[in-house]
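Me: I am new to this structure and should like to be led through it by question and answer. Please begin with the chain as a whole and then turn to single residues.

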Amino acid sequence: MVLRPADEAALGVAALGGISLLTGGVGIFTIMTIAVRERTQEIGLLRAIGARHESIGDARGVGLMGALEFTAPGRPDVPAPELAAKVLEACLRRGLLLYMAGAHGQVVRLMPPLVLTPADVDRALAIVEEAVTEVEAAT
């Protein structure tokens, strides 16, 4: 395929000594677009997990980050950092590394790499749900 100068400019391609080089901006943009589209589906799955568990007061996400906010069962206005810590620990025992967040430590954040596969998402969410179920059963 031969690119005209206008095409090269639109695609972020630079000509160097007669050789066209992709600058990377378009490639990264494409990867990010695909990742965000896939993450939108993951946030929907996080919300589904939240709907099934009384201790999850909110499930949300922005860009490549997702979060589950733990609250006292039946009290979405009362933070439950002890539940979040137990879920974090249960996930770690299963091989999933998550992050603690929130003003009271009541939020568990998921921040996956760009190279996440659909199978990775399925496994991670299964681990999260197993951990939440375990912690709720113990309390």
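Me: How many helices and strands does the secondary structure of the chain comprise?
Reply: The model is a predicted one. From the N terminus on, the elements follow one another as α-β-β-α-β-β-β-α-β-β-α. The secondary structure of the chain thus comes to 4 helices and 7 strands.

Me: What share of the residues of the chain counts as buried?
Reply: A residue is called buried when its relative accessible area is under 20%. The accessible surface of the chain amounts to about 8,300 Å², and carbon and sulfur atoms hold 64% of that surface. Of the 139 residues, the share that counts as buried is 31%.

Me: Among contacts between residues at least 6 apart in sequence, what share joins residues at least 24 apart?
Reply: A contact here requires heavy atoms within 4.5 Å. Of the contacts in the chain between residues at least 6 apart in sequence, the share joining residues at least 24 apart is 49%.

Me: What distance does helix 4 reach from its first C-alpha to its last?
Reply: Helix 4 covers residues 118-138 and has 21 residues. At 1.5 Å a residue, a span of 30 Å is expected. The helix is close to that expectation, for its reach is 30 Å.

Me: Is A126 of helix 4 buried or partly exposed?
Reply: Several residues of helix 4 are buried, among them L125 and I127. A126 also lies in helix 4, and its C-alpha atom is separated by 9.4 Å from that of I49, 77 residues apart along the chain. Because the relative accessible area of A126 is 31%, this residue is partly exposed.

Me: Which side chain is joined to that of E129 by a polar contact of 2.9 Å?
Reply: E129 is situated in helix 4 and is buried there. Leaving aside residues up to four places away in sequence, E129 touches I49, R52 and H53. The polar contact of 2.9 Å joins the side chain of E129 to that of H53.

Me: Which residues make the nonpolar surface patch of about 400 Å²?
Reply: A residue enters a patch only with over 30% relative accessible area. Y99, found in strand 6 (residues 99-101), has a value of 34% and is therefore partly exposed. The patch of about 400 Å² is made by L92, L97, Y99 and M111.

Key:
Residues numbered from 1 in each chain as written. Predicted model: local features only at pLDDT ≥ 70, side-chain atom pairs only at ≥ 80, totals over all residues. Heavy atoms only, no water. Helix = DSSP H or I, 4+ residues; strand = E, 2+ residues; numbered from the N terminus. Polar contact = N/O pair within 3.5 Å; in protein donor to acceptor, adjacent residues only side chain to side chain. Patch = residues over 30% accessible without salt bridge, like charges linked within 9 Å, V, L, I, M, F, W, Y side chains within 5 Å. Areas by Shrake-Rupley, 256 points an atom, 1.4 Å probe, with all protein chains shown as cover. Salt bridge = Lys/Arg side-chain N within 4 Å of Asp/Glu carboxyl O. Buried < 20%, exposed > 50% of the residue type's maximum accessible area, 1.4 Å probe, protein only. Expected span 1.5 Å × (residues − 1).
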